[in-house]
Amino acid sequence: MKFGEIPNQLEIKHSEWEKFWEKYTESDNEDLEPEFEDARTTNWWKEIEVNVAELEKQIDKIITRASWTDDTIWKSEKAEFDHDVSLGLNKTNEFIDEFMFRTDLTDTTLNFLNSMLDICKENDWILMDRNGNLCKPNISDLAQLIKGSDADRFLRNPSKFFDELSNEK
């Protein structure tokens, strides 16, 4: 492991991101970059060698590419469950900028999720949720990360989730 022990969480500056996206949507500049540092702005992938073509082939075996966008987004458009994968490359396609996947937690077969976790394990990657929480790519660690997440709260009680969400604003 390159950086030693995995911490439980990395800092995500949510309020700074809100300001950035507000500025981004008001700007004509597509190259606008955040002016702050956090776990999402850090380029974790720059030093990691990944065969992008091979990674894309692996993902193609798991899920179809989205018909409505470029070649680096996969989506289960006509499936019973709503899974997706996004592979962002830097401007010169030299390295991965961002790799994200989202799984539909109502899919109890876990086929998609297990396949994505296998890719992560094979490449010695860790998982990070949108709040900067980290875990190893295995079902038991991921289950702990999911407990208490927005998705978990929604699945347990959708009405209560929306009530709490509206009370936050």
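# Worked exercises: a sheet, two helices and some odd residues

D124 sits in the loop between α3 and β4 (127-128). Here, helices (H or I, at least four residues) and strands (E, at least two) are DSSP runs, numbered from the N terminus. Before we dig in, a word on the model: it is predicted, so local features need pLDDT of at least 70 and side-chain atom pairs count only at pLDDT 80 or more, while totals for chains, interfaces and linings use all residues. Residues are numbered from 1 along each chain as its sequence is written, and side-chain values use heavy atoms, with hydrogens and water left out.

## Exercise 1: positive phi

Work out what sign phi has at D124, and whether D124 is buried or exposed.

*Step 1.* Start with the background: most residues other than glycine have a negative phi, and most peptide bonds are trans.

*Step 2.* D124 isn't a glycine, yet its phi is positive, about 60 degrees.

*Step 3.* With a relative accessible area of 59%, D124 is exposed. The cut-offs are under 20% for buried, over 50% for exposed and partly exposed in between, using a 1.4 Å probe and protein chains only.

*Step 4.* Now try L110, which belongs to the loop between β3 and α3. Its phi is near 60 degrees, again a positive value in a residue other than glycine. At 33% relative accessible area, L110 is partly exposed.

## Exercise 2: rebuild the sheet

Find the strand order of the open sheet of three strands, then trace which residues pair up across β2 and β3.

*Step 1.* Strands of a sheet pair through backbone hydrogen bonds, either parallel or antiparallel. For the pairing call, DSSP has to find at least two bridges between two strands.

*Step 2.* The order is β1-β2-β3, and the pairing is antiparallel. β1 (73-75) and β3 (96-102) are the edge strands with a single partner each, so one side of each has no neighbour in the sheet. On average, neighbouring strands are turned by 5 degrees against each other, direction ignored.

*Step 3.* Take β1 and β2: they run antiparallel and are joined by three bridges. K75 has D84 in β2 as its bridge partner.

*Step 4.* Next, β2 (residues 84-89) pairs with β3 over six bridges, also in the antiparallel sense. D84 turns up again here, with R102 as its bridge partner in β3. G88 stands opposite E98 in β3.

*Step 5.* Close the loop: β2 and β3 form a hairpin with six residues between them, and N93 in the turn has a positive phi of about 55 degrees.

## Exercise 3: put the helices on

Determine which strands helix α2 touches, and why α2 and α3 are called roughly antiparallel.

*Step 1.* Helix α2 (residues 52-62) packs on the sheet and touches β1, β2 and β3, where contact means heavy atoms within 4.5 Å. Its direction makes about 170 degrees with that of β2. Axes are lines fitted to C-alpha atoms, for helices over the stretch in contact, and angles run from 0 to 180 degrees between N-to-C directions.

*Step 2.* Helix α3 (residues 111-122) lies across β2 and β3, at about 155 degrees to β3.

*Step 3.* The α2 and α3 axes come within 10 Å and cross at roughly 165 degrees. The pair is therefore roughly antiparallel; the bins are under 35 degrees for roughly parallel, over 145 for roughly antiparallel, 65 to 115 for roughly perpendicular, and oblique for the rest.

*Step 4.* For handedness, α2 passes α3 in a right-handed crossing. Right-handed means the near helix is turned clockwise from the far one by less than a right angle; anticlockwise would make it left-handed.

*Step 5.* Which residues meet? From α2 come L55, Q58, I59 and I62, and from α3 come F112, S115, M116, I119 and E122. This contact divides into six nonpolar, two polar and one charged residue. Nonpolar covers Ala, Val, Leu, Ile, Met, Phe, Trp, Tyr, Cys and Pro; charged covers Asp, Glu, Lys and Arg; the others, Gly among them, are polar.

## Exercise 4: two aspartates in α5

Decide whether D152 is buried or exposed, and which residues D150 contacts outside its neighbours within four places in sequence.

*Step 1.* D152 lies in helix α5 (residues 150-156), and D150 is found in α5 too.

*Step 2.* D152 has 13% relative accessibility, so D152 counts as buried. D150, at 28%, is partly exposed.

*Step 3.* Skipping residues up to four places away in sequence, D152 touches I146 and K147. With the neighbours within four places left aside, D150 is in contact with R130 and F161.
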